[in-house]
Amino acid sequence: MVRWFFAGSALALACGQAAWAQQSPATNAAPAHAIDDEGYEVEELVVTGGTPRLRGSVVGDAVPEIVLDQREIRALGVSSVSDLLDALAPQLASGSGSGRPVILVNGMRISSFSEIRDLPTEAIVRTEILSEEVSLRYGYRADQRVVNFILRRRFNAQTVEAAVSAPTAGGRATLDADANMLRLQGDTRTQVDVKAGYSSILLESERNVRRTDGQDGALRSLLPQSDSLSVNGVYARPFGDGLSGSLNGRFEVTGSDGRLGPSGDPLVAAGGIDPLKRLTDASSAHLGGGLNGAVSGWRWNVTANADRARTRTITEVEYNTAAGAYSAPNRARSTTTSAEIEALVNGTLLQLPAGPVNAAFTVGADTYDLSGTSFRRGVTRDTDLDRQSGRAQVNFDAPLLSRTRGKVRGLGSLSVNFNAEVDELSDFGTLTKLGGGFTYSPIEAIRLVASFSDEDGAPSVSQLGEPEIATPDVRVFDFTRGETVEVTQISGGNPFLMASNRQVSKLGLTLKPIKDTDLTFRFDYTRTRLKDEIAGFPAATTEIEAAFPERFVRDATGRLTQVDVRPVNFDRHDRDELRWGFNFSKPIRNTTTPPGGFQRPPGAPDGGGAPPGGADGPPPGDGPRSFGGPGGGPGGGFRGPGGPGGFGGGNLQFAVFHTWRMKDEVLIRPGVPVLDLIDGDTLSGGGINPEHQIDVQAGASRNGLGARLTARWQEGGSVDSAFGGTGLRFSDLTTVNARLFADLSMQPMAREHTWMRGARVSLSIDNIFDERVSVKDATGATPINYQPDLVDPLGRVVKLSFRKIFLPPRAVPPPGSQQQRRGAPG
C-alpha cells in the first residue's frame with residue numbers, strides 16, 4: 001500500500017508540474033483582483049440584472065445565515081473541504097433531515113461531493129451557509145442545508161500532509177498520508193489528490209474486556225486491521241459563451257483483517273493462537289461530470305454520475321470436530337452498479353412589483369443494480385436486484401413584499417415558495433411530494449422561515465430483496481431477562497415492506513441583533529410525522545417482542561436463541577425538536593509586519609503594490625514568497641494567511657447550540673403501547689435518544705497560531721424493562737476535543753529556516769478526558785455487552801500532523817518588461 005501511495009503522489013506532483021509548464025500566463029487569465037493589507041483577497045462585486053452582488057452568490061435573493069471569510073476559515077485550522085464541513089457540523093445540522101448538506105461551487109451545482117471534497121481550504125474566498133429552502137432552487141430536497149464555496153480566481157499549490165494518531169491506552173496506530181495538486185486559473189480548475197491510510201488491529205486483550213467464556217482476548221479483535229488508498233482527479237474549465245463543464249474520476253481500494261474468536265482446533269487449543277478471521281477487500285470507481293450554461297437569462301445544469309463497487313468477504317468457520325477438519329469458509333461477493341443523470345433549468349419566470357418570480361424545473365433518471373453470491377455453511381445463494389427510476393420536480397419562488405422595491409416598502413420583505421415532485425420506480429410504483437413555505441423579514445436583522453412538506457418514501461432495493469442470512473454467535477442484550485446472550489441473527493430483505501409517508505413542518509427564526517457585528521442567533525422548531533416508517537429491526541425489548549413475537553425464538557428455559565432483524569414498517573413515529581443557538585465571530589487585525597512580508601505602500605491602488613523584490617515575490621532568503629503580486633501572476637501563485645506569504649491577523653469564534661427533543665414517540669403496531677424514546681423506551685440496543693444535547697465550539701487564532709475546542713454534552717436516561725424496575729441506566733456523556741496548530745511560515749524563525757515556508761503542524765486530542773458512557777443494570781452491574789471498552793474501544797486519541805504547501809517555480813519576467821519595472825526597488 002505504501003508503494004502505491006508514493007506512486008500516486010508522484011503522479012499528482014507530475015500532473016502539477018505538467019499543468020504549470022504547459023499553461024502560459026495568458027491562458028484563461030483571470031482578471032486582477034484586490035488584496036487587502038493582511039493578504040486576504042478582496043471580494044468582487046458583479047452586477048446582475050442591475051443589482052450588485054458578490055461574485056459566486058446563489059440564484060435569487062436568498063440571504064446566507066452564516067458567512068465565513070478567509071480569516072474565519074483559516075482560524076479553523078483544517079486542511080480540506082471535507083474537514084471544513086466536519087468542523088461546521090453544528091452549524092450545518094438540520095432538523096428536517098440528517099444528510100450531508102447540498103454543496104455548491106461559485107453558486108453552481110457540481111456533479112458530486114467527490115468533485116470538491118479534497119480542495120484545500122486556502123483556495124476558498126468565502127463560505128456561505130444557507131437554509132434548506134434554497135436547495136429547492138437547485139433541484140434538491142428541502143431537508144438539507146446549503147453550503148456555497150466561492151473559490152479564488154487564482155491559486156496554485158502542491159500540498160502534502162502526513163499524520164499519525166493513536167489512543168493513549170495504546171494497542172492501535174493509524175497512519176495517514178495525502179498529496180494534492182490544485183491549480184485555479186479563472187474558471188479553470190485542475191486537481192489531483194492521492195490518499196493512503198493504515199490502521200493496526202486492536203484486540204480485546206489490549207483492553208479491559210470481561211468475558212464469561214474464558215476465551216483469550218487475543219483471539220478477538222475490537223477493531224480490525226485496515227488499509228486504504230484513493231486517487232481523485234478533477235478537471236473543470238469554461239468553453240466560452242457562458243458554457244462551462246467539469247469531469248471527476250475517483251478510484252478507491254480498501255481492505256480489513258479481523259479476528260472472530262477461537263478456531264476450535266484441538267491441536268492449537270492448548271498453547272497456540274489460531275483465531276478465526278474475517279478478510280474483507282473492496283474497490284470502487286466513480287466517474288462524474290457536469291455542464292453549466294445560460295440561455296436567454298435562464299441558467300441550466302446537467303450532471304451525470306456512474307459508480308461501480310465490488311466487495312469480497314471471507315469468514316473462517318470453526319473446526320469441525322466430527323470430520324476432523326476445517327469446513328469451507330463462508331464467502332460473499334457483491335457488485336453494485338449505479339448511474340444517474342439530472343437536468344436543471346432555473347431563472348426568472350415573470351416580474352412582480354416586489355421582484356422576480358423564480359422557477360426551477362428538474363428532471364432526472366437513475367439505475368441501480370446489485371448482484372452477488374454468498375456461500376454460507378454449505379449453502380450457496382445468489383442475489384440479483386435492480387431498480388430504475390425517473391423523477392420530475394418544479395419549484396416556484398415569488399416575492400410579495402420588498403423593503404427596497406414596489407410601492408409598499410414599510411412592511412418588510414415577504415416571499416412564498418411551492419414545490420412538487422413525482423417519482424416513478426420500476427419495482428415500487430409512483431411516489432409524490434408536495435411542499436411550500438414562506439420567508440418574512442420585517443427588518444434586515446430578523447428573518448422568519450416557515451415550511452411544510454408531505455413526502456412518500458420507498459424502501460431501498462436491499463431492504464426489499466437481499467437474501468436471508470443466518471449469522472451465529474451475535475451478542476445482544478435481552479431486556480426481558482436482563483442478560484447478554486449470543487443468538488443466531490437472521491438478516492436480509494423484507495419483500496412485504498410498504499411505502500412510508502413523512503410530513504415535516506418547520507418554523508425558523510434568524511436574528512442578527514448587532515449591526516456590523518458577526519453575531520447570529522438561530523432558532524429552529526421541527527415537527528415530523530412518519531406513517532409506515534421503514535426501519536431496521538430494533539432492540540430486543542419486551543415491547544418489541546410483544547409487537548413482533550414471530551421474530552423471536554426462545555428455548556425451553558426461556559433463553560433467547562434467535563432474532564430476526566430484517567427491516568419492518570412501524571405504524572407511526574412522531575418527533576418534535578427545538579434547536580437553537582448562536583454563532584459569534586470577530587476578526588483580529590494584524591499589527592506587525594510578518595517575516596519577509598510587506599505592507600501596502602501608502603497611496604497604492606486597490607490591489608496593492610508589489611512586494612519587495614518585484615511582482616514575483618521577495619528575493620531568496622527574505623522570507624515567504626508571494627508569486628505574481630496581488631493574488632497571483634505569471635506563476636499563478638497565491639498570497640494569503642496560512643500559506644507562503646501569509647500576513648497574520650486572526651479570528652475569534654464561539655458557538656453554542658442546544659437541541660431539545662421535545663417528543664419522540666413510536667407506535668410499532670396498533671394495539672400495543674406507544675414507545676416514548678426519551679422516557680424509558682428504546683429502539684436501539686446501543687443506547688438511548690437523549691432529550692437534551694449541547695454542542696460548544698470555541699476557537700482563536702492570531703499570527704499563524706491557533707487553538708480550537710469542541711465539546712458535546714448528551715443527557716443520560718434509562719430504559720425500562722419488564723423483568724423488574726429499571727432495565728438499564730445510561731449516564732450523561734461529555735466529550736471534549738482540542739486542536740492546536742501553528743503556521744510555521746508566519747513565525748519569525750521562518751526567515752532563517754526556509755523549510756518552514758508553507759508548513760503547518762497540528763496537534764489534536766479527541767475525547768480529552770477519556771469519557772465513555774456508563775451503563776448499569778438494576779443490580780448496579782455493567783452488562784457484558786455494555787463494557788466501556790466495547791462501547792468505545794479507542795477512548796482518548798492523540799493525532800499529530802504535518803502539512804506543507806509548495807508553490808510553483810518563480811516566473812522571471814523578461815528584462816525591461818513592465819512587470820519588472822513595477823517590481824524594481826525604488
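This note covers the salt bridges of a predicted model.

1. Start with the total. The structure holds 33 salt bridges. Three pairs and one network are taken up below.

2. R522 and D524 come first here. Their side chains form a salt bridge, with N and O 2.6 Å apart. Is R522 buried or exposed? R522 has a relative accessible area of 6%, so R522 is buried, because the cut-off for buried is under 20%. D524 has a relative accessible area of 8% and is buried too.

3. Next, D574 and R572. A salt bridge joins the two side chains, at 2.7 Å from N to O. D574 is buried, with a relative accessible area of 9%. R572 has a relative accessibility of 27% and therefore counts as partly exposed, since partly exposed runs between the 20% and 50% cut-offs. This bridge pairs a buried Asp, D574, with a partly exposed Arg, R572.

4. Then D770 and R772. The closest N and O atoms of this salt bridge lie 3.2 Å apart. Which class does D770 fall in? D770 counts as partly exposed, at 28% relative accessibility. R772 is at 17% and counts as buried. Here the Arg, R772, is the buried partner, and the Asp, D770, is partly exposed.

5. Last, a network. Which residues do shared salt-bridge partners join into one network? They are R117, D118, D178, D193, K195, R250 and E252. The links are salt bridges that have partners in common. When viewing the model, look for Arg, Lys, Asp and Glu side chains among these residues.

Note on methods:
Residues numbered from 1 in each chain as written. Predicted model: local features only at pLDDT ≥ 70, side-chain atom pairs only at ≥ 80, totals over all residues. Heavy atoms only, no water. Salt bridge = Lys/Arg side-chain N within 4 Å of Asp/Glu carboxyl O. Buried < 20%, exposed > 50% of the residue type's maximum accessible area, 1.4 Å probe, protein only.
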